[in-house]
Each structure stands twice: as C-alpha cells, then as structure tokens.
Amino acid sequence: MPACLQCRLPLSTRTVNHLADLLRRHLKAIRSHWRLLPPGKIAVIVLAVLRHDQRLADIAGGNDVSESTVRRWRDELIGLLSAQAPRLDRALKKVAKQGGEVVLIDGTLIRTRRRTGKADRRNYSGKHRSHGLHFLALTDENGRLIWISVARPGRTHDNTAARHDHILAHLRAAGLGALADLGFRGLDNDILDPVIVTGYIAGFAHLKNWRILTKLRTNPARATRLLRALLVLTNIEINR
C-alpha cells in the first residue's frame with residue numbers, strides 16, 4: 001500500500017495511478033507541466049487528506065510545501081474527480097443497458113460543524129439531532145454507487161430531495177424500478193404501476209470509509225464536489 005508520512009493508505013495502486021494520471025492529463029490540457037512535487041506524490045498526499053482527514057498543516061510540513069499548496073492540490077483534484085461522476089439520466093440508462101432492473105435509493109446526513117447564525121438553522125436535522133447536509137445516492141443491485149445528488153440543507157426530507165431531482169421520472173424513462181427504505185414512503189403513489197418499493201434498507205457504507213466525511217468543514221457547493229469525487233474513487237476501489 002502507498003505510504004504518506006506516518007500513515008498508510010488502505011487504497012490500491014490503481015486508485016493512486018488513476019488520480020496521478022488524471023492530474024497529468026489536466027496539466028497537459030492547461031499546458032502547465034510544473035508542480036512542486038510529481039503527480040504521483042501529489043495523488044498520495046490528496047488521498048491521505050481524503051481517506052484519513054489528515055490535517056493540511058501536518059501533511060504540508062512533512063512534504064516541505066505550504067498548507068495553501070496542499071489545499072490547492074486537494075481542491076484541484078476534487079474538481080477533476082467530481083467532473084467524472086455520472087449524471088442521473090446517464091447512470092440509470094447504463095444500468096438498464098447492462099440488464100439491470102432495479103436500483104437502490106438512499107438518503108443520508110453528512111454531519112457538518114455547527115455554525116452560528118440563522119442561516120445554519122436549516123442544516124439542523126431533527127431526525128438525526130445534528131447539523132449536516134442531506135444527500136441522495138443511487139446504487140445498482142450489487143451495491144455499487146452510481147450517482148450522488150447535490151448537497152441540500154440537513155432538514156431536507158428524503159422525498160423532497162427525490163422530487164427535486166425528478167427521481168420517479170428518470171426511473172420511468174430508463175425503465176427501472178427502485179428499492180428504498182421507509183423514509184421514501186409516499187413518494188410513489190401509483191398503485192397500478194409503482195416504480196419505488198419501500199421497506200428496503202440501503203446504505204452509504206463504502207462512501208463513509210472516507211474519514212474526511214466524519215464532519216464536513218465546507219459549504220454545500222464544495223460538499224457536492226467532494227461527495228462526487230469520493231464516488232469516483234470508491235468505485236475504482238470496489239471494481240479493482
């Protein structure tokens with residue numbers, strides 16, 4: 001396993017290489033072939049931050065670069081990875097094309113640091129008794145993550161988020177059904193031809209292995225990019 005400072009990453013070489021190659025292609029595209037460290041080393045540093053929630057100042061000092069440089073590398077690679085995350089319609093069409101019949105839909109709260117002021121009140125989830133951001137995710141029948149929604153206030157109900165994303169319409173367009181937990185009860189009221197069956201327990205288990213999600217310190221826009229970046233990395237690990 002690749003090493004970084006005093007930590008060891010429980011990630012495959014394939015994941016490190018994917019991230020390094022992604023950076024190399026980006027540098028070539030923007031005609032910038034110089035960084036303080038080679039792409040492979042930068043990839044390991046960023047993965048350490050994401051996997052272990054490594055403090056930027058610590059990892060910067062251990063690699064003789066500034067904290068702002070590590071932050072810039074992290075944000076740059078998160079942006080590149082999140083751009084690879086599939087759109088909802090394309091993700092569902094791919095499942096159908098591969099012979100899938102159903103997907104699993106799940107909602108979760110990613111906890112955030114509590115902030116003062118009225119603006120943060122909408123991030124409080126009474127269900128979880130905590131502040132956070134709400135996400136929807138879809139997985140295929142094998143539990144492989146295929147799509148993640150944008151970040152929404154923590155108080156958002158699963159059904160509200162699903163309606164904003166037009167989940168039902170996308171499922172019908174792709175000819176797929178969905179299994180969901182009881183939080184989605186009432187979303188699909190079509191008695192004759194239901195698309196969503198509730199009562200199933202899904203989960204974000206693989207995604208939550210990334211410790212940077214323990215408690216987010218970021219705004220919703222950046223959180224969306226982060227979750228979608230981790231979706232890409234998670235699938236690289238699962239499918240290795």
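Modeller: A residue counts as partly exposed when its relative accessible area falls between the 20% that bounds buried and the 50% that bounds exposed. One thing to keep in mind: this is a predicted model.

Biologist: Thanks! Why is Lys208 called partly exposed?

Modeller: Its relative accessible area is 44%. Partly exposed lies between under 20% and over 50%, so Lys208 belongs in that class. You will find Lys208 in the loop between strand E9 (196-198) and helix H8 (220-238).

Biologist: What makes the patch on the surface one of positive charge?

Modeller: Its members are Arg111, Arg113, Lys208 and Lys215. Lys and Arg count as positive, so the patch is positive too.

Biologist: And why is Asp64 called exposed?

Modeller: The cut-off is over 50%, and Asp64 has a relative accessible area of 73%, so the word fits. Asp64 sits in the loop between H3 and helix H4 (67-82).

Biologist: Which class does Asp53 fall into?

Modeller: Asp53 has 22% relative accessible area, so it is partly exposed; buried would need under 20%. Asp53 lies in the loop between helix H2 (39-52) and helix H3 (56-62).

Biologist: What is notable about phi in Asp53?

Modeller: Most residues other than glycine have a negative phi. Phi of Asp53 is near 55°, a positive value, and Asp64 has a positive phi of about 60°.

Biologist: Last one: how do you know how compact the protein is?

Modeller: The protein has eight helices and nine strands. Its radius of gyration is 19 Å, close to the 18 Å that the globule rule gives for 240 residues, so the protein is as compact as a globular protein of that length.

Definitions and conventions:
Residues numbered from 1 in each chain as written. Predicted model: local features only at pLDDT ≥ 70, side-chain atom pairs only at ≥ 80, totals over all residues. Heavy atoms only, no water. Patch = residues over 30% accessible without salt bridge, like charges linked within 9 Å, V, L, I, M, F, W, Y side chains within 5 Å. Areas by Shrake-Rupley, 256 points an atom, 1.4 Å probe, with all protein chains shown as cover. Salt bridge = Lys/Arg side-chain N within 4 Å of Asp/Glu carboxyl O. Charge placed at Lys NZ, Arg CZ, Asp CG, Glu CD. Helix = DSSP H or I, 4+ residues; strand = E, 2+ residues; numbered from the N terminus. Buried < 20%, exposed > 50% of the residue type's maximum accessible area, 1.4 Å probe, protein only. Rg over C-alpha atoms; globule rule 2.2 N^0.38 Å.
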